[in-house]
Number of protein chains: 2
Amino acid sequence: VSNLKNENAPIGVFDSGIGGLTVLKTLLQSFPNENFIYVGDTARLPYGNKSPQTIRRYTEETLEFLKQKGIKCAVIACNSASSQFSEANFKEIPVFNVIAPGAQAAQAQTKNKKIGVLGTRATVTSEAYSKALLSLSPDLNIYSVACPLFVPLAEEGLDEDPITNLIAFRYLNGLKNLNIDTCILGCTHYPILKKAISKVLGDEVQLIESGEALAQSIELAMNSGSIPKNQSKESRSIELFATDHNSSFDSMAARILGAHFAAATSAGCSY
Amino acid sequence: VSNLKNENAPIGVFDSGIGGLTVLKTLLQSFPNENFIYVGDTARLPYGNKSPQTIRRYTEETLEFLKQKGIKCAVIACNSASSQFSEANFKEIPVFNVIAPGAQAAQAQTKNKKIGVLGTRATVTSEAYSKALLSLSPDLNIYSVACPLFVPLAEEGLDEDPITNLIAFRYLNGLKNLNIDTCILGCTHYPILKKAISKVLGDEVQLIESGEALAQSIELAMNSGSIPKNQSKESRSIELFATDHNSSFDSMAARILGAHFAAATSAGCSY
């Protein structure tokens, strides 16, 4: 089921849950002619505290599901999954992850060469961002912090809550004192807590989100011809799937995707 | 594979993760002659925010795994799973859950007939405790509160942390003002946060844990002859399984089970 050459084939986007919808939104805006399929593995989330083997197995199963749907390329929006999965082991379809584009954007941004990386325990332990950053520029100073409570706080909608500010202070105060000028939000949930994070780090620290950096690398791949652009003028399709499909998935999707949600279909799936 | 009549067959205990090990510990102490098999579904935890259908499917799959292991009865230590699963649909092996024993203990304890119930969103939404309590005594006043951040706080080991006290205050202050005298800890993780919970509710409010109440109902079933007691004098076996088996599972198991852990085997499993 290779649709690599079919320009009408959809782009597949995958996350452990709803966080990747923030990435999907950026892609929907950047690529108005493209069709999209999104899968949230809500029945098995979160990935961030699980073992590398389990995260890899889930990622492979989800990519297989997307491949069966006939996608032309896949985007792993989940940082924990991106940090454990190697595209080199999945040659059938081009796979983009959020690590490389995020690292590139941070390296381009920093002036004092001090970069913070926030992520789940799985992402931080994998050192995926550190390795990507150092391969771009060996003289960077990189400080990584696991922030395991940020995901439940974001999912509970506590983004403007004093409790979140307190927990952000606990996680990030050490980083503040290290004088970083750039910080990678290495989890799709963290942009939701941007205000609380900036309150601790200060507005002068640039926060890097994966979505936009990712859109640029897909754009590059399309311009180079390695992925076909959809030239059709027909209205595009947006299909959302969740392995545990419930009303809270749809209401979060509506909140995050805004007007795009009205044009989308949403359903359960299993694999 | 019915081992219902085989007194040497193990008792199966099931939880979504490590929380049920607190229940297993109580059972190991209450039944020193019995063999035990424990399964933590760590690859798919937590259950508390997932849909009833997904929780039911996971529970059935885990019970099937335990049945294949030849257990003589099963204990669902997870409140979220207990609240969604009906023993009536699984007649092959006797299944105990934590809801009925917890409700009985609370009803026996209360003097002013005002009972609080703390649980995950799935447990609170199911109204399983309310229904069980009202079937015992229709004149009870029951106040249920979902405490979704308690599980991540317990898993992060923040049981003695000011942040946990603050979040406990947020969840429980309304309950305090309702003048309850008894409160069910309706999630296997919550006993870990007992101190923070009592700090808000006051020491005069009795906290009900499921483990002991559950042990009493198994004892009753053994005395009535519906489950055979193990009369063997051989040293018993304790087998621990986790669907995502990693070092953090073993270290939490060692912490919770103490000396029993040295006598146990621990391994990964899939189903």
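Two helices count as roughly antiparallel when the angle between their axes is over 145 degrees. In this predicted model, helix H8 of chain A and helix H8 of chain B cross at roughly 170°, and the two helices are therefore roughly antiparallel to each other. The points below cover this helix pair and then the interface of the two chains.

**The H8 pair**
- Helix H8 spans residues 162-176 in chain A and residues 162-176 in chain B, and the two axes come within 11 Å.
- On the chain A side, the contact is made by A:Pro162, A:Ile163, A:Leu166, A:Ile167 and A:Arg170.
- On the chain B side, B:Pro162, B:Ile163, B:Leu166, B:Ile167 and B:Arg170 make the contact.
- Sorted by class, the contact between H8(A) and H8(B) holds 8 nonpolar residues, 2 charged residues and no polar ones.

**Extent of the interface**
- Chain A and chain B each put 25 residues into the contact.
- About 2000 Å² is buried between chain A and chain B, with carbon and sulfur atoms giving 52% of that area.

**Salt bridges and polar contacts**
- There are 4 salt bridges between chain A and chain B.
- A:Glu156 pairs with B:Arg121 in a salt bridge, where the closest N and O atoms are 2.7 Å apart.
- Polar contacts link 14 residue pairs across the interface, both residues being at pLDDT 80 or more.

**The chain A side**
- Helix H2 (52-68), helix H7 (150-155) and H8 of chain A each supply at least two of the residues that touch chain B.
- H8(A) gives the largest share, 5 residues.
- The side of chain A that touches chain B comprises 13 nonpolar, 5 polar and 7 charged residues.

Terms used
Residues are numbered from 1 along each chain as its sequence is written. Chains are lettered from A and ligands numbered from 1 in the order in which they are written. This is a predicted model: local features need pLDDT of at least 70, side-chain atom pairs count only at pLDDT 80 or more; totals for chains, interfaces and linings use all residues. Side-chain values use heavy atoms; hydrogens and water are left out. Axes are lines fitted to C-alpha atoms, for helices over the stretch in contact, and angles run from 0 to 180 degrees between N-to-C directions. Helices (H or I, at least four residues) and strands (E, at least two) are DSSP runs, numbered from the N terminus. Angles under 35 degrees count as roughly parallel, over 145 as roughly antiparallel, 65 to 115 as roughly perpendicular and the rest as oblique. Contact means heavy atoms within 4.5 Å. Ala, Val, Leu, Ile, Met, Phe, Trp, Tyr, Cys and Pro count as nonpolar, Asp, Glu, Lys and Arg as charged, and the others, Gly among them, as polar. Buried area is the accessible area (1.4 Å probe) that two parts lose on being put together, summed over both. A salt bridge is a side-chain nitrogen of Lys or Arg within 4 Å of a carboxyl oxygen of Asp or Glu. A polar contact is a pair of N or O atoms within 3.5 Å; within protein, one must be able to donate a hydrogen and the other to accept it, and residues adjacent in sequence count only if both atoms are side-chain atoms.
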